Each structure stands twice: as C-alpha cells, then as structure tokens.
Amino acid sequence: MSIWVKAGLFVGGMAASTLGVKLLTSKTAKKVYSHTTAAVIRGKDCVMEGVTKVREGCDDIVADAKDINEKRADEDIIDIIEDCADTADEKFSDEEKKD
C-alpha cells in the first residue's frame, strides 16, 4: 500500500469516528435512547408483576399444602389413639375371659 492510501484510510477513520460521536450524542439519538430505555423499564415492570402473581400463587399452594398435612397428621394421631384403645379393650377382654 502506498503512503497516500494509508493516509487516506487514517483520515477516513478519523472522520468516521468523529461523525459517529456526533451521531451518538445528538438530540435525536438521545431521544431514541430515552424511549428505548423507557420501553425496557415498562417491560421490566410487566415481568415483575407476573413474577409477583406467580409468587402469590405459590404461597397459596404452600399454605394449602401445609393445612392438608396438618389435617392428615391430626387424623393419623386420632387413628393411632383409636387403635391403642381397641388394643387395650381387646387385652382387657382377654384377661377378663381368663379370670
């Protein structure tokens, strides 16, 4: 490459970078950035609302599951007590028969 081509590429690169900086810092570009950022924030808010709804639903499910487990535990305790009472009644009946 000749020196003139290299110099032309250098000057062209400088001009392109200067033009790029001017475009990126222009009022129109700033408006585009602001509108894009606003759209992203609205999207984030929408997603967070969905996440909140899902969390609330999960909390309800967990609360219902805990209630179910407590009821089953209570029923199991009642069954155990009834079984013990039946066993005790059988033992006392058998002992009375032996006497």
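In the predicted model, Cys-46 is exposed, with a relative accessible area of 52%. This value places the residue in the exposed class because that class begins over 50%. Cys-58, by contrast, has a relative accessible area of 40% and is therefore partly exposed. A disulfide is a covalent bond between the sulfur atoms of two cysteines. A search for such bonds across the whole structure returned 0 disulfides.

The secondary structure of the protein consists of 2 helices and 0 strands. Helix α1 covers residues 3–24, and helix α2 covers residues 27–98. For the 22 residues of α1, a rise of 1.5 Å a residue gives an expected span of 32 Å. The C-alpha atoms at the two ends of α1 are 31 Å apart, in agreement with that expectation.

Little of the chain is covered: 1% of the 99 residues of the protein count as buried. The exposed surface of the protein amounts to about 9100 Å², and 64% of this area is supplied by carbon and sulfur atoms. Within α1 the number of buried residues is 0 out of 22, so this helix lies largely in the open.

One nonpolar patch on the surface is formed by Met-1, Val-5 and Leu-9, which together have about 350 Å² of accessible area. Of these residues, Leu-9 lies in helix α1. Leu-9 counts as exposed because its relative accessibility is 55%, above the 50% limit for that class. An α-helix has 3.6 residues a turn, so residues three or four places apart point the same way.

In helix α2, a contact between a side chain and the backbone was found at Thr-37. The side chain of Thr-37 reaches the backbone oxygen of Tyr-33, at a distance of 2.7 Å. Thr-37 has a relative accessible area of 45% and is thus partly exposed, as is Cys-58 at 40%. Both values fall between the 20% limit for buried residues and the 50% limit for exposed ones.

Methods: Residues numbered from 1 in each chain as written. Predicted model: local features only at pLDDT ≥ 70, side-chain atom pairs only at ≥ 80, totals over all residues. Heavy atoms only, no water. Helix = DSSP H or I, 4+ residues; strand = E, 2+ residues; numbered from the N terminus. Expected span 1.5 Å × (residues − 1). Buried < 20%, exposed > 50% of the residue type's maximum accessible area, 1.4 Å probe, protein only. Areas by Shrake-Rupley, 256 points an atom, 1.4 Å probe, with all protein chains shown as cover. Patch = residues over 30% accessible without salt bridge, like charges linked within 9 Å, V, L, I, M, F, W, Y side chains within 5 Å. Salt bridge = Lys/Arg side-chain N within 4 Å of Asp/Glu carboxyl O. Disulfide = S-S within 2.5 Å. Polar contact = N/O pair within 3.5 Å; in protein donor to acceptor, adjacent residues only side chain to side chain.
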